[in-house]
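Here is a friendly walk through one protein model and the small molecule it holds. Keep the structure open beside the text and click along as you read.

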Amino acid sequence: MSQENSGTMAQQADPIDPKQVGAWYDQFGDVYHQTIGDSLHCGLWVPPDAPPPAGLDLVTLSSEAQDRYTDYLISVLHLRPGQRFLDIGCGPGRPAGRLAELTGAHVTGISVSKEQIDRAVRLAAETAGAAGSGRLTFEVADATCLPYDDESFDGAWAVESIGHMDRAKALKEAWRVLRPGGELLVLEAVLTAEPTEADTALYDQVLASNLPLRMPEFFALVEEAGFHTLELKDLTANLALSMDVMELVFRDRSQEMSERFGPEFAGLMAAALPGVRALVREKIRFFLLLLRK
Ligand code: SAH
């Protein structure tokens with residue numbers, strides 16, 4: 001567009017000089033490869049006709065990936081309608097809800113967080129009438145000292161929760177409340193290298209968790225509790241990507257995080273998350289274990 005008629009149309013600078021474009025790509029084009037992949041275009045993250053807000057932001061995409069993960073875990077179980085299932089460390093209840101809905105099982109979720117159980121109960125009430133909602137129970141309970149009779153469940157899972165607990169006790173308690181032949185699905189990290197003091201502090205002070213064990217140590221606990229291992233799958237890449245998303249989103253929204261959780265916690269978390277990412281990539285493997293009593 002020439003300078004003379006530019007006033008009559010939308011204001012636009014002169015079209016960029018192809019030489020300048022070429023020079024830019026020559027010098028900086030690799031920035032795309034370094035950050036988003038082997039092509040220079042965007043990714044098809046969601047189906048083209050997905051209704052908004054699907055995939056509009058990383059948190060939504062991550063939440064969808066979480067549901068896919070839950071559904072995959074459900075597919076690994078051999079749970080039948082009417083059976084009784086225990087969700088050990090259930091969080092605010094979404095996975096338990098999907099499990100009840102998709103399998104027809106009766107699901108009891110437990111957590112040591114009262115706030116989570118309140119949310120889970122509310123979620124179940126809000127979805128009352130939805131398939132599965134009538135078969136959901138949540139309560140505050142400690143997995144290392146379960147308030148249930150021996151052999152009172154057909155199946156159980158501990159999804160990214162057992163690291164918070166005395167693992168040996170939690171595994172023994174899970175074994176006690178399962179019927180013979182009952183399955184326990186565990187999602188758990190193990191260490192593959194020596195943790196530094198900073199790594200240990202990260203688990204203790206930021207993640208409210210015990211350090212992961214080495215693989216042989218963890219399997220010793222599994223066997224000591226009386227379980228046989230049916231299946232073992234490495235899901236490390238999934239944990240690593242979720243930690244990438246968490247760090248990026250947290251950094252993006254640091255102001256909002258500080259207002260929500262207070263500057264002290266937000267600062268601690270912001271400082272810790274790059275270390276969490278590095279730890280997961282360099283010193284941890286993350287496994288699915290299907291165990292049988
Ligand atoms: N399984 C859920 C939540 C994982 S977060 C999900 O996949 O979304 C870890 C959960 O373990 C939290 O709900 C936490 O409260 C619970 N937890 C930690 N220690 C526990 C204990 N001793 N007994 C019961 N729940 C525990």
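## Around the ligand

In this predicted model, a polar backbone atom of Gly89 sits 2.7 Å from a nitrogen atom of the ligand. The protein covers 80% of the 580 Å² of accessible area that the ligand has on its own. Two further polar contacts are worth displaying. One pairs an oxygen atom of the ligand with an N or O atom in the side chain of Ser111, at 2.9 Å. The other joins a nitrogen atom of the ligand to a backbone N or O atom of Val159, at 3.0 Å.

Which residues come nearest to the ligand? They are Gly89, Ser111, Gln116, Asp142 and Ala143, out of 16 residues around it. Sorted by class, the shell around the ligand contains seven nonpolar, seven polar and two charged residues.

## The loop between S3 and S4

Now turn to the loop that runs from strand S3 (136–140) to strand S4 (153–159), where you will find Ser152. Is Ser152 buried or exposed? Its relative accessible area is 16%, and because buried means under 20%, Ser152 counts as buried. The side chain of Ser152 reaches the backbone oxygen of Asp149 at 2.7 Å. Once its neighbours within four places in sequence are left aside, Ser152 is in contact with Arg84 and Val177.

Glu151 lies in the loop between S3 and S4 as well. Its relative accessibility is 48%, so Glu151 counts as partly exposed. The backbone of Glu151 also deserves a look: phi is near 55 degrees, a positive value in a residue other than glycine. As background, most residues other than glycine have a negative phi.

## Another positive phi

Glu160 is a second residue to check for backbone geometry. Phi of Glu160 is near 55 degrees, again a positive value in a residue other than glycine. You can find Glu160 in the loop between S4 and helix H6 (167–177). With a relative accessibility of 42%, Glu160 counts as partly exposed.

## Aromatic pairs

How many aromatic pairs does the structure hold? There are seven aromatic pairs. In one of them, the rings of Phe85 and Trp157 have their centres 5.4 Å apart and their planes at 85 degrees, so this pair is edge-to-face. Phe85 belongs to strand S1 (residues 84–88) and Trp157 to strand S4, so the pair ties together parts that are 72 residues apart in sequence. Both partners are out of reach of the probe or almost so by the numbers: Phe85 is buried at a relative accessible area of 1%, and Trp157 is buried at 0%.

Tyr148 and Phe153 form an edge-to-face aromatic pair too, with 5.2 Å from centre to centre and 85 degrees between the planes. Tyr148 is buried, with a relative accessible area of 13%, and Phe153 counts as buried at 1% relative accessibility. Elsewhere in the chain, ring pairs link Trp24, Tyr25, Phe28 and Tyr32 into a cluster.

## Leu79 and its contacts

Leu79 lies in the loop between helix H3 (58–76) and S1. Its relative accessibility is 15%, so Leu79 counts as buried. What does Leu79 touch, leaving aside its neighbours within four places in sequence? Leu79 is in contact with Phe85, Leu99, Thr103 and Ala105. Phe85 will be familiar from its ring pair with Trp157.

For a sense of spacing, take Leu79 and Ile110. These residues are 31 places apart in sequence, and their C-alpha atoms are 19 Å apart in space.

## Glu223 on helix H8

To finish, find helix H8 (residues 215–225), which contains Glu223. Is Glu223 buried or exposed? At 57% relative accessibility, Glu223 counts as exposed, because exposed means over 50%.

Glu223 can also be placed relative to Lys172. The two residues are 51 places apart in sequence, with 9.8 Å between their C-alpha atoms.

Notes: Residues are numbered from 1 along each chain as its sequence is written. This is a predicted model: local features need pLDDT of at least 70, side-chain atom pairs count only at pLDDT 80 or more; totals for chains, interfaces and linings use all residues. Side-chain values use heavy atoms; hydrogens and water are left out. A residue is near a molecule or strand if one of its heavy atoms lies within 4 Å of it. A polar contact is a pair of N or O atoms within 3.5 Å; within protein, one must be able to donate a hydrogen and the other to accept it, and residues adjacent in sequence count only if both atoms are side-chain atoms. Accessible areas come from the Shrake-Rupley method with a 1.4 Å probe; for residues, only the protein chains shown count as cover. Ala, Val, Leu, Ile, Met, Phe, Trp, Tyr, Cys and Pro count as nonpolar, Asp, Glu, Lys and Arg as charged, and the others, Gly among them, as polar. Helices (H or I, at least four residues) and strands (E, at least two) are DSSP runs, numbered from the N terminus. Buried means under 20% relative accessible area, exposed over 50%, partly exposed in between (1.4 Å probe, protein chains only). Contact means heavy atoms within 4.5 Å. Rings of Phe, Tyr and Trp (its six-membered ring) pair if their centres lie within 6.5 Å; planes under 30 degrees apart count as stacked, over 60 as edge-to-face and the rest as tilted.
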